[in-house]
Amino acid sequence: MKFKVLSFNSTIFFMALLIGLGFSGAMTITGICTNSTTKKLPIYSVETDEKKIAVTFDAAWSAEDTDLILNILKKHKVKATVFIVGDWVRKNPDAVKKFYDNGHEIGNHSDTHTLFGNISEEKIRNEIENCNAEIEKITGTKPKVLRAPSGDYNNKSIEITESYNMKMIQWDVDSLDWKKLSVDEMYNRVIEKTQNGSIILFHNGVENTPEALDKILTELEKDGYKFVTVSELIYWENYEIDHTGRQFPRK
């Protein structure tokens with residue numbers, strides 16, 4: 001039988017490897033697992049046995065269809081959540097007041113629609129605080145929910161949002177209205193994907209959104225869904241969020 005003689009350097013490497021596995025292997029593996037499980041997620045949807053869902057809008061563009069959207073929501077007795085950019089508030093204070101006075105929840109959508117992943121902690125705080133201040137001037141209340149610009153988030157932005165006792169909200173049903181889809185295309189997308197606890201995304205200031213919205217809400221009513229605001233839909237404490245962003249009550 002032949003034995004291969006290890007060089008001095010190879011022996012040192014082999015011994016270091018054994019020591020590493022013996023004393024720090026468990027720590028290293030634990031660290032890897034911990035890092036994979038500490039990635040934070042916003043709330044995309046909610047686990048519930050009730051047939052309730054949240055209709056949401058992102059407001060950053062035109063305000064010309066405000067009255068039309070409000071009338072459609074009123075027709076279907078829907079209380080929506082409108083995530084509003086601070087710049088949009090400054091340009092359209094009357095539209096903000098109309099949404100609020102009609103019982104819709106006003107959420108924070110940043111002050112200037114700058115991607116949170118590209119800016120410092122200080123700038124994220126400025127984006128949140130400045131938008132909150134603009135909304136508070138009109139509604140008298142501070143928003144409780146926030147949607148990151150373009151849905152762009154990371155651990156830092158979620159942690160900062162939560163430091164204001166606010167929840168970051170995404171969506172699990174995207175109408176893709178901003179892509180200028182047809183009414184039927186939007187209708188099919190939303191109806192196919194909506195389930196208990198869904199959060200549906202629309203935008204105002206988009207050509208086909210009002211007509212599609214009316215058709216979609218009519219069908220969801222027939223399916224027995226109840227429409228609530230995001231703050232009414234989500235769990236505020238004792239919850240967990242799975243890898244899909246679905247929020248569950250903690251057992």
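**Briefing: fold, cores and one helix pair**

Of the 251 residues in the protein, 46% are buried. The model is a predicted one. The protein contains nine helices and eleven strands. About 13700 Å² of surface is exposed, and carbon and sulfur atoms supply 53% of that area.

**Contacts along the chain**

- Counting contacts between residues at least 6 apart in sequence, 76% join residues at least 24 apart.

**Nonpolar cores**

- In soluble globular proteins, nonpolar side chains tend to be buried together.
- The largest nonpolar core here has 38 residues, and Val55, Phe57, Trp88 and Leu213 have the most contacts inside it.
- Helix 8 gives the most to this core, contributing five residues.
- A second core, separate from this one, has 14 residues, including Leu41, Tyr44, Ile128 and Ile160.
- Beyond its neighbours within four places in sequence, Trp88 touches Ala59, Ala60, Trp61, Ser62, Ala63, Thr66, Ala95, Val96, Phe99 and Asn204.

**Helix 2 against helix 8**

- Helix 2 spans residues 66–75 and helix 8 spans residues 209–222; they pack at an angle of about 5 degrees, with axes 10 Å apart.
- Angles under 35 degrees count as roughly parallel, so helix 2 and helix 8 are roughly parallel to each other.
- On the helix 2 side, the contact is made by Leu68, Ile69, Ile72, Leu73 and Lys75.
- On the helix 8 side, Pro210, Leu213, Asp214 and Leu217 meet them.
- By class, this contact between helix 2 and helix 8 has seven nonpolar residues, two charged residues and no polar ones.
- Leu213 thus appears in two places: in the contact with helix 2, and among the residues with the most contacts inside the largest nonpolar core.

Note on methods. Residues are numbered from 1 along each chain as its sequence is written. This is a predicted model: local features need pLDDT of at least 70, side-chain atom pairs count only at pLDDT 80 or more; totals for chains, interfaces and linings use all residues. Side-chain values use heavy atoms; hydrogens and water are left out. Axes are lines fitted to C-alpha atoms, for helices over the stretch in contact, and angles run from 0 to 180 degrees between N-to-C directions. Helices (H or I, at least four residues) and strands (E, at least two) are DSSP runs, numbered from the N terminus. Angles under 35 degrees count as roughly parallel, over 145 as roughly antiparallel, 65 to 115 as roughly perpendicular and the rest as oblique. Contact means heavy atoms within 4.5 Å. Ala, Val, Leu, Ile, Met, Phe, Trp, Tyr, Cys and Pro count as nonpolar, Asp, Glu, Lys and Arg as charged, and the others, Gly among them, as polar. Buried means under 20% relative accessible area, exposed over 50%, partly exposed in between (1.4 Å probe, protein chains only). Accessible areas come from the Shrake-Rupley method with a 1.4 Å probe; for residues, only the protein chains shown count as cover. A nonpolar core is a set of buried Ala, Val, Leu, Ile, Met, Phe, Trp, Tyr and Cys residues joined through side-chain atoms within 4.5 Å.
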